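This report describes one protein structure for a reader who has not met it before. Please look through the sequence and the structure first; the text then goes from the whole chain to single residues.

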Amino acid sequence: MRSAESRGGSVHTIGKSTGIRTGRRVTAALTAVAIVGSAAVGVRLADPAAAEPATDTVQAGLNELVRAGVAPGALASVRDRNGRVTHYTAGVADLRTRAKVPTDGYIRMASNTKMFTAVAVLQLVDDGAISLDEPVETYLPGLVRGNGFDGRTITVRHVLEQTSGLPDYDLPHVFEWRDRYFEARDLLDSAFAKEPTSPVPGTTMDYSNTNFILAGLLVQKVTGRPISEVITNRIIDRVGLRKTYWPGVGDQGIRKPHANGYLPHPETGKWTEITRLDPSIGGAAGQMISTPSDLNRFLVALQDGKLIKPATLAQMRTSNPFYPGGEALPDLVWHYGLGTVGFDLSCGGRAWGHGGDIDGYSSRTAITADGRAVTLVVTADSSPVPDGVFRVLDAFDAALCAGR
């Protein structure tokens with residue numbers, strides 16, 4: 001089912017549609033990122049002024065994802081330029097009880113957290129407390145030392161744009177860590193034991209969660225407050241994100257209502273529930289929880305200048321090419337800014353957002369230049385369906401293009 005919500009908050013139910021708009025299939029494989037990774041895809045530009053089509057492609061896309069076995073459940077929220085919000089659901093929230101997926105339910109947002117951490121840093125840039133081109137050493141003296149990298153040669157900009165050369169920390173199978181609590185220092189120790197991904201900072205974009213663990217510590221050092229508190233006070237509360245929060249120490253659950261998260265069991269391939277886990281392995285790179293509509297609301301507030309200055313947003317969106325498929329897929333090009341991803345649209349132009357994958361949930365979120373925001377989630381970040389990731393990206397593409 002789906003529900004439509006006007007700016008004033010009235011809700012009514014619209015009947016489920018059938019059929020699916022296939023959209024332009026991405027023809028390249030994506031780099032797999034085990035827990036707090038990001039994936040994005042070029043999408044067709046949506047015209048926010050146009051009405052949704054009679055055959056609802058967003059609902060049809062979610063229905064098809066569930067029918068194909070990509071995930072037990074799916075949910076999405078779409079916000080048009082005029083503030084009209086439409087929620088969608090498909091499948092079940094619980095394979096045991098067969099309860100339906102709740103409308104706009106809570107999800108683990110994984111690497112979408114990086115956008116929030118980046119904004120927290122950029123707000124301090126606006127305040128004059130941090131300079132993007134100052135070495136990390138200035139704010140975190142002696143912390144970044146390793147085999148071939150040094151905080152005296154890595155700037156704040158390098159960290160946010162993922163060109164620092166800092167390697168990623170270890171991300172073992174979820175069954176090995178789901179009940180373990182990690183301090184930021186634990187994650188940095190894991191990363192700093194490795195060699196750099198690039199010998200010269202600022203020359204190569206290499207996606208690493210370590211960068212945003214470091215960015216979170218940077219915010220804490222400059223403000224004297226926990227990163228969770230800074231994000232809550234300066235972002236979440238400022239723009240009224242009532243369903244977005246940073247889980248506290250030891251909090252392994254998700255607030256209700258939510259759909260359970262699943263993964264294929266490594267031995268049997270059967271869906272196994274993985275909703276409860278300790279998200280501290282994500283930290284400032286991937287720990288937070290939100291809802292699809294709140295993520296859209298964040299993107300709108302960011303684009304409208306309610307969180308950082310327009311000139312700072314322009315810097316946030318100044319990007320480097322990112323080749324997630326490596327040399328094997330040179331035509332698959334994304335654009336990584338300062339904690340945000342630019343997606344070249346198949347009809348021209350570029351949309352901005354991020355994505356996040358953590359065991360149990362996979363989300364994609366973006367906003368067009370005209371202000372159409374879409375967040376789409378499936379309740380599994382890996383699928384027994386061979387082309388499951390492409391099906392999700394096709395559905396995301398269709399949601400951004402619906403109404404054109």
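In what follows, helices are DSSP runs of H or I with at least four residues, strands are DSSP runs of E with at least two, and both are numbered from the N terminus. The model is predicted.

**The chain as a whole**

The secondary structure of the protein chain amounts to 12 helices and 14 strands. The chain has 404 residues, and 59% of them count as buried. Among the contacts in the protein chain with a separation of 6 or more, 71% are between residues 24 or more positions apart. The exposed surface is about 15,500 Å², and carbon and sulfur atoms supply 49% of that area.

**Two covered helices**

Helices α10 and α12 are set side by side in the table.

| Helix | Residues | Number of residues | Span, first to last C-alpha | Expected span at 1.5 Å a residue |
|---|---|---|---|---|
| α10 | 292-303 | 12 residues | 17 Å | 16 Å |
| α12 | 388-401 | 14 residues | 20 Å | 20 Å |

In α10, 11 of the 12 residues are buried, so the helix is largely enclosed by the rest of the structure. The buried residues of α10 include Pro292, Ser293, Asp294, Leu295 and Asn296, and also Phe298, Leu299, Val300, Ala301, Leu302 and Gln303. After α10 comes glycine 305, which has a positive phi near 80 degrees.

Helix α12 is mostly covered, with 12 of its 14 residues buried. Among the buried residues of α12 are Phe390, Val392, Leu393, Phe396, Leu400 and Cys401, as well as Asp394 and Asp397. The partners against which the buried residues of α12 pack are helix α1 (57-67) and the strands β13 (361-367) and β14 (373-378).

**A pair of packed helices**

Two packed helices are described by the angle between their axes and the distance between the axes. Helix α2 (residues 113-126) packs with helix α8 (residues 227-236) at an angle of about 75 degrees, and their axes are 10 Å apart. Angles of 65 to 115 degrees count as roughly perpendicular, and α2 and α8 are therefore roughly perpendicular to each other. On the α2 side the contact is made by Phe116, Thr117, Val119, Ala120, Gln123 and Leu124, and on the α8 side by Ile227, Val230, Ile231, Arg234 and Ile235.

**Threonine 210 and proline 167**

Threonine 210 is located in helix α7 (residues 210-223). Its relative accessibility is 0%, so threonine 210 counts as buried. Proline 167 is placed in the loop between α4 and α5. Proline 167 is also buried, with a relative accessible area of 4%.

How far apart are proline 167 and threonine 210 in sequence and in space? They are separated by 43 residues in sequence and by 6.8 Å in space, C-alpha to C-alpha. The side chain of threonine 210 reaches the backbone oxygen of proline 167 at 2.6 Å.

Leaving out residues up to four places away in sequence, threonine 210 touches Leu166, Pro167, Asp168, Tyr169, Leu188, Ala191 and Phe192. With the same residues left out around proline 167, that proline touches Phe149, Ala191, Lys194, Glu195, Pro196, Thr197, Ser208 and Thr210.

**Single residues in loops**

Glutamine 162 is found in the loop between α4 (156-160) and α5 (174-177). Glutamine 162 is not a glycine, although its phi is positive, at about 65 degrees. With a relative accessible area of 0%, glutamine 162 is buried.

Arginine 98 likewise is not a glycine and has a positive phi of about 65 degrees. Arginine 98 belongs to the loop between β4 (85-91) and β5 (107-108).

The loop between α8 and β6 (262-264) holds proline 257. The peptide bond that leads from lysine 256 to proline 257 is cis, and its omega is near 5 degrees.

Proline 266 sits in the loop between β6 and β7 (271-273). Is proline 266 buried or exposed? Proline 266 is exposed, with a relative accessible area of 53%. Apart from neighbours within four places in sequence, proline 266 is in contact with His173 and Phe175. Proline 266 and histidine 173 are 93 residues apart in sequence, and their C-alpha atoms are 9.6 Å apart in space.

Technical notes. Residues numbered from 1 in each chain as written. Predicted model: local features only at pLDDT ≥ 70, side-chain atom pairs only at ≥ 80, totals over all residues. Heavy atoms only, no water. Buried < 20%, exposed > 50% of the residue type's maximum accessible area, 1.4 Å probe, protein only. Polar contact = N/O pair within 3.5 Å; in protein donor to acceptor, adjacent residues only side chain to side chain. Contact = heavy atoms within 4.5 Å. Areas by Shrake-Rupley, 256 points an atom, 1.4 Å probe, with all protein chains shown as cover. Expected span 1.5 Å × (residues − 1). Axes fitted to C-alpha atoms, helices over the stretch in contact; angles between N-to-C directions. Parallel < 35°, antiparallel > 145°, perpendicular 65-115°, else oblique.
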